[in-house]
Amino acid sequence: MAQPYLDELTALIEASSLASADAASLDCRHFFSGAAAYVQGQVFALLTPVGLSLKLSPAHRQALKGNHGAKPLRQFPKGPIKRDYVVLSPAMRRDPAALRPWLQASVDYVRSRLPPAAAAGSA
């Protein structure tokens, strides 16, 4: 049931050209009822029934909410808001050119939060 999410997320990552630049450190896997994209073992994107969500810095989250119709991620109606994530608009999800810089920003943000030894392995 989660396979369509995994297939779509994998295709989004491949279409963004991130896969060619970071092939060794990127991975997509099943994640509960959807899929997750990982960089160096850390989640940077989720695709679930809620939508496509990216883990981003506070400034990037605010920019997406203010200018692009993104909203905070809440996986379940009464669940907590995942504060580091925003759910992108359906239009952005369908636009690889618009999505590409935000995917890269998400990868960069997650890498910036890795311990120094792990981050050095990405160079």
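Two strands are taken to pair if DSSP finds at least two bridges between them, and with that criterion in mind the tour of this predicted model can begin at a pair of facing leucines. Select Leu47 together with Leu52, and you will see that Leu47 stands opposite Leu52 in S4.

Now widen the selection to the strands themselves, taking S3 as residues 42-48 and S4 as residues 51-55. S3 and S4 pair in the antiparallel sense over four bridges, and the two strands form a hairpin with two residues between them. If you colour S4 by accessibility, the strand appears mostly covered, since five of its five residues are buried.

Next, keep S4 on screen and add strand S6, residues 81-87. S4 and S6 run antiparallel and are joined by three bridges, and for a landmark on this side you can select Lys55, which stands opposite Tyr85 in S6.

Stay with Lys55 and bring in helix H5, residues 96-112, where Ser106 lies. Draw a distance from the side chain of Ser106 to the backbone oxygen of Lys55, and the value is 2.8 Å. Is Ser106 buried or exposed? Ser106 counts as buried because its relative accessibility is 0%, whereas the cut-off for that class is under 20%.

As a last stop, show the surroundings of Ser106, leaving aside residues up to four places away in sequence: Ser106 touches Phe44, Leu54, Lys55 and Leu56. Among these contacts of Ser106 is Lys55, the residue that stands opposite Tyr85 in S6, and with both selected you can return from the helix to the paired strands.

Methods. Residues are numbered from 1 along each chain as its sequence is written. This is a predicted model: local features need pLDDT of at least 70, side-chain atom pairs count only at pLDDT 80 or more; totals for chains, interfaces and linings use all residues. Side-chain values use heavy atoms; hydrogens and water are left out. Buried means under 20% relative accessible area, exposed over 50%, partly exposed in between (1.4 Å probe, protein chains only). A polar contact is a pair of N or O atoms within 3.5 Å; within protein, one must be able to donate a hydrogen and the other to accept it, and residues adjacent in sequence count only if both atoms are side-chain atoms. Contact means heavy atoms within 4.5 Å.
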